[in-house]
Amino acid sequence: MRRGESLPEYEEPSSFTYAAFISYRHLPRDTEVAQQVQKAIETYRLPRGVVAKQPGDEGNSAARSIRSKTSSSLGKCFRDEDELAASPSLPDSIQEALAQSRSLIVVCSPETQESAWIQREIETFIALHGRERIICVLAAGSSEESIPPILKTRMMPDAAGIMREMPAEPLAADLRPESKNKRKAELLRIIAAVANCNYDDLRRRHRNRKRRLITAAAFAILALIALISVLVHQTARSSEEALIAESKYLAARSQEQLARGERLQAIQSALDALPSSEADRSRPLVPEAQEALENALLVYPDPDQTWRPLYAIDSDSDIVSVAHDVDGDWFATLNDSGLIEFRSLSKGALTATAHLGDYAEHPEELTPSEWSLEATGDRHLLLMSQQANGSMVCFDALTGTLVWEHEQVCADSFASAQDEDTFGLTTFMGDGNLDVAVIDAATSNVRECQSLDLGV
């Protein structure tokens, strides 16, 4: 529109496409303020009970009621992002946007006075809608140097009814402060002006809505915490019930192991079913587990039961011979498959093995029941054939290693010395004599040999 030109006949629309037309200089500072204002208007939702008034709503409560039920948003803003080219008149798109805008927001700074386009946009909006819906926003400078002169005066009738140019106070919001809270308050002032509602009422309702949201969020957090607490309690309860069931199972297994003579295993199972100490809360104290441990440890011995087994050993074959150390350090077994096992006497742990077939003269004709084990001294084990002129083998019972081996040993009987590492062999001769030999178990050397006349 050129200066002096008048707009074609124009009729105010019943509804507008844009909540506001934002007029500003395309400078970094003014552009940033314009973007903040646009975002604040387009994202704001009016509190309950506040309705944006359209021009002409003052006497039309029905229209306001309909709008209050359809939307709580103010609508979109028109903000031209391109610097207008040099032209004596506004582009048609700008004029159309001004005609379809409910309000005009002018971003004011000292450079605003230099923009002919802002001046023309203001003039066009005044011609279309009047001055009442123009909002000045200070981006920099003072109001005196930044607000365009056209907005500082207006034609008003004087006391005599004559129209004169009078000073005007354009509605202004100050977005110069750096304070975040202050800028929020000023943006709310702009929103109130665009919505054509009372700023103090909007601010009060805005605060009440914020309090309600905070209260609702607090209740939601409390509800979530309560739900998490219930779930944690249920999980802990389920976990505790599972641990109690496991402890009862271990206690029952301990009792079964003790009944089979597996006393050490029974002690371990009972310990696994109990907490490690009084301060240990990782496992509940189950009475059944405590009783199982007491039974395994013989805490309350039965006076009618004179002995209890320490452990039990399972063998795949029948045991045909057993020998043990007098001092109780080891024992050995021979089963009918020919396997010799060396074990700890206190715990029953297997320490070594040997096989009869490695020492028999005819392994293919092996008969384990025709062999026997005999202990001598504190660590030697003798393996002897019960047949005439059979073999004799000596082992270190603590390691299971071979010490010596002899074949064709003639012996009718055997006797070991309990206090020293020797053993005696007796052989009955056909002439009525009895030969007796005392042999060193460690070396198989004969220490003493005598021949007795039985007078037969």
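Start by selecting S444, which is buried, with a relative accessible area of 18%. The cut-off for buried is under 20%, so S444 makes it into that class. You'll find S444 in the loop between β18 (433–440) and β19 (446–453). Colour by phi if your viewer can do that: S444 has a positive phi, near 70 degrees, and S444 is a residue other than glycine. Most residues other than glycine have a negative phi. Keep in mind as you click around that this is a predicted model.

**A second positive phi**

Next, select N196. N196 is not a glycine either, and its phi is positive at about 55 degrees. Look for N196 in the loop between α6 and α7. Is N196 buried or exposed? Neither: its relative accessibility is 37%, so N196 counts as partly exposed.

**Zoom out**

Now show the whole chain as a cartoon. You should have nine helices and 19 strands on screen. The protein chain has 456 residues, and 39% of them count as buried. If you take the contacts with a separation of 6 or more, 52% come from residues 24 or more positions apart.

**Into the cores**

Select V37, I41, I105, I190 and L202 and show their side chains. These are the residues with the most contacts inside the largest nonpolar core, which has 31 residues. Which elements each supply at least two residues of this core? They are β1 (18–23), α1 (28–43), β3 (104–108), β4 (134–138), α6 (180–195) and α7. Colour α6 separately, as α6 gives the most to this core, with seven residues.

Stay on L202 for a moment and bring up its surroundings. Leaving out residues up to four places away in sequence, L202 touches Y44, L46, P47, V50, L188, I191, A192 and C197.

There's another core to pick out too. Select L90, W117, I134 and I150: they are among the residues of a second, separate core of 21 residues.

**The α3–α4 pair**

Select residues 92–99 for helix α3 and 116–129 for helix α4. Their axes are 9 Å apart, and the two helices pack at an angle of about 45 degrees. That angle makes α3 oblique to α4. The α3 and α4 crossing is right-handed. To see the contact itself, show I94, Q95, L98 and A99 on the α3 side and E121, T124, F125, L128 and H129 on the α4 side. By residue type, the contact of α3 with α4 has five nonpolar, three polar and one charged.

**Along α7 to α8**

Move to helix α7 (residues 199–259) and helix α8 (residues 263–272). The pair packs at about 170 degrees, with axes 8 Å apart, and α7 and α8 are therefore roughly antiparallel to each other. From α7, show L250, R253, S254, Q257 and L258; from α8, show R263, Q265, A266, S269, A270 and D272. These residues make the contact. How do the residues of the contact of α7 with α8 divide? Four are nonpolar, four polar and three charged.

**On to α9**

Keep α8 selected and add helix α9 (residues 287–296). The axes of α8 and α9 cross at roughly 155 degrees and come within 9 Å, so this pair is roughly antiparallel as well. α8 passes α9 in a left-handed crossing. On α8, the contact is made by R263, A266, I267, A270 and L271; on α9, by A289, A292, L293 and A296. The residues of the contact of α8 with α9 divide into eight nonpolar, no polar and one charged.

**Last stop: the α8–α9 loop and α7**

Click on S282, in the loop between α8 and α9. With a relative accessibility of 51%, S282 counts as exposed. Now draw a C-alpha to C-alpha distance from S282 to E240: these two are 42 residues apart in sequence and 8.9 Å apart in space.

Finish on I244, in helix α7. At 27% relative accessibility, I244 counts as partly exposed. Its C-alpha atom is separated by 6.6 Å from that of P284, 40 residues away along the chain. Show P284 and V286 as sticks: I244 touches both, not counting residues up to four places away in sequence.

Technical notes
Residues are numbered from 1 along each chain as its sequence is written. This is a predicted model: local features need pLDDT of at least 70, side-chain atom pairs count only at pLDDT 80 or more; totals for chains, interfaces and linings use all residues. Side-chain values use heavy atoms; hydrogens and water are left out. Axes are lines fitted to C-alpha atoms, for helices over the stretch in contact, and angles run from 0 to 180 degrees between N-to-C directions. Helices (H or I, at least four residues) and strands (E, at least two) are DSSP runs, numbered from the N terminus. Angles under 35 degrees count as roughly parallel, over 145 as roughly antiparallel, 65 to 115 as roughly perpendicular and the rest as oblique. Contact means heavy atoms within 4.5 Å. Ala, Val, Leu, Ile, Met, Phe, Trp, Tyr, Cys and Pro count as nonpolar, Asp, Glu, Lys and Arg as charged, and the others, Gly among them, as polar. A crossing is left-handed if the near helix is turned anticlockwise from the far one by less than a right angle, and right-handed if clockwise. A nonpolar core is a set of buried Ala, Val, Leu, Ile, Met, Phe, Trp, Tyr and Cys residues joined through side-chain atoms within 4.5 Å. Buried means under 20% relative accessible area, exposed over 50%, partly exposed in between (1.4 Å probe, protein chains only).
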